[in-house]
Amino acid sequence: MTAHIEENRSHPHLPDLLAAYHLVNQAEKGTAVETAADLPAVYRVEAEDPAGAFAADTVLLATPSGADAPAGCVVLKAPRDGRAPEIKRLWVAPEARRKGLARALMAEALRRAAASGAPAVRLTVWSWRDEPLALYRSLGFATVEPWDDRPDLLCLEKPLDVVERLSPDVVRAHADGLAALLVDAVDGGASVGFLAPLDRAAAVSWWSGVAEEAAAGVRDVWAALGPDGRPTGVVTLVRADAENGRHRGEIARLLVHRSARGRGLGRRLLATAEAHAAATGLRLLVLDTQTDSPAEHLYRGAGWTAAGTIPDFAADPAGTLRATTLYYKRLG
């Protein structure tokens, strides 16, 4: 299911969503109240005036496809006192559950936290809330030393991937990890210029060539690095070398490891490359991707325009010829 995610702490339906969250939370804690007006003051103010209560924070709402109003919300608290940003008030109306809204809200909150440069995100969850806890675990949150000592309250934290531009020497240093990304993409069926099975040594050799191109100023490389320092995603920007085409570049090899998908890394990597291209004077970007592949959704969502489709353009990893779609994006 698709959902529309928006940021709006003043949305007219937000008070009802927050009130529902707090009423259920109070009941689960054994301190049930009848209405939002009966909530403890610290929670009542959120339901009555969310724009004021979360003035410094990011409030996201999720509206299911075809619906007229949001059915879920989450708050990404701004970092305070040097602490990591915190996710709070994740709520999906009962009638809209099991449709992916909670995961979509979490993915966007994590993407925004990572884009802000935060090294980690944290949250708390009551130990009896099995479904939210399972979701958080699946997204990579782990239990840490508590910062809130209330009984039965678990404190969780998730380190975030950091997107960095790689120098030629760093590309060489990460050649094994970057090769693993390429092998994973080919194993997963992505049409990225190689047939399966891709030998690891051949993948390392390809990245060694990329390092030489980076040293020559032909190709820029960015990688998302996980908490252990290993690459979880990569994108490259190739500059046109024709004298009459130096205003444009090509996005190539946007890869995210299958174990790291669903966290917005592809969108972050793409946005980073686009921003650098614009900042360094490029006015047009192009790329091609296999027609009807998942990557098309990413590019269309990021504002790229399809220019046309070429049948039988390239073989997929299994050797079957597939069509490709050409995309472009004007910068500035």
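These legends go with several close-up views of a predicted protein model. Residues are numbered from 1 along each chain as its sequence is written, and side-chain values use heavy atoms, with hydrogens and water left out. Because the model is predicted, local features need pLDDT of at least 70 and side-chain atom pairs count only at pLDDT 80 or more, whereas totals for chains, interfaces and linings use all residues.

**Figure 1. The whole protein, with 10 helices and 14 strands.** Helices (H or I, at least four residues) and strands (E, at least two) are DSSP runs, numbered from the N terminus. The C-alpha trace spans about 70 × 40 × 40 Å along its principal axes. Of the 332 residues, 44% are buried; here buried means under 20% relative accessible area, exposed over 50%, and partly exposed in between, with a 1.4 Å probe and protein chains only. About 16200 Å² is exposed, and carbon and sulfur atoms supply 50% of that area; accessible areas come from the Shrake-Rupley method with a 1.4 Å probe, and for residues only the protein chains shown count as cover. Among contacts (heavy atoms within 4.5 Å) with a separation of 6 or more, 60% join residues 24 or more positions apart.

**Figure 2. Charged side chains across the protein.** You will find 38 positive and 42 negative side chains here, and the centres of the two sets lie 2 Å apart. Lys and Arg count as positive and Asp and Glu as negative, while His and the chain ends are not counted. Each charge is placed at NZ of Lys, CZ of Arg, CG of Asp or CD of Glu.

**Figure 3. The largest nonpolar core, with 27 residues.** A nonpolar core is a set of buried Ala, Val, Leu, Ile, Met, Phe, Trp, Tyr and Cys residues joined through side-chain atoms within 4.5 Å. The residues with the most contacts inside this core are Ile 87, Met 106, Leu 123, Tyr 136 and Phe 141. Strands E2 (58-64), E3 (72-77), E4 (86-92) and E5 (120-126) each supply at least two of its residues, as do helices H4 (101-115) and H5 (130-138). Helix H4 gives the largest share, seven residues. Apart from this core lies another, of 21 residues, among them Trp 207, Val 221, Leu 225 and Val 234.

**Figure 4. The surroundings of Leu 123.** Leaving aside neighbours within four places in sequence, Leu 123 is in contact with Glu 86, Ile 87, Met 106, Tyr 136, Phe 141, Trp 147, Leu 154, Cys 155 and Leu 156. Cys 155 counts as buried because its relative accessible area is 2%. Another cysteine to look for is Cys 73, buried at 1% relative accessibility. A search of the whole structure finds zero disulfides, a disulfide being a pair of cysteine sulfur atoms within 2.5 Å.

**Figure 5. His 11 and Ala 27 on either side of the start of a helix.** His 11 sits in the loop between strand E1 (3-7) and H1, and at 13% relative accessibility His 11 is buried. Beyond its neighbours within four places in sequence, His 11 is in contact with Glu 6, Leu 61 and Pro 70. Ala 27 belongs to helix H1 (residues 14-28) and is partly exposed, at 44% relative accessibility. The C-alpha atoms of Ala 27 and Leu 101, 74 residues apart along the chain, are separated by 23 Å.

**Figure 6. Backbone details at Pro 197, Arg 253 and Asp 312.** Most residues other than glycine have a negative phi, and most peptide bonds are trans. The peptide bond from Ala 196 to Pro 197 is cis, with omega near -5°; Pro 197 is in the loop between helix H7 (175-187) and helix H8 (200-215). Arg 253, in strand E11 (residues 248-256), has a positive phi near 55° and is partly exposed at 23% relative accessibility. Asp 312, in strand E13 (residues 305-315), has a positive phi near 50° and is exposed at 52%.

**Figure 7. Ile 251 and its contacts.** Ile 251 is found in strand E11 and is buried, with a relative accessible area of 5%. Setting aside neighbours within four places in sequence, its contacts are Val 235, Thr 236, Leu 237, Leu 270, Ala 273, Leu 285, Val 286, Leu 287 and Trp 304. The C-alpha atoms of Ile 251 and Ala 277 are separated by 9.9 Å, with the two residues 26 apart along the chain.
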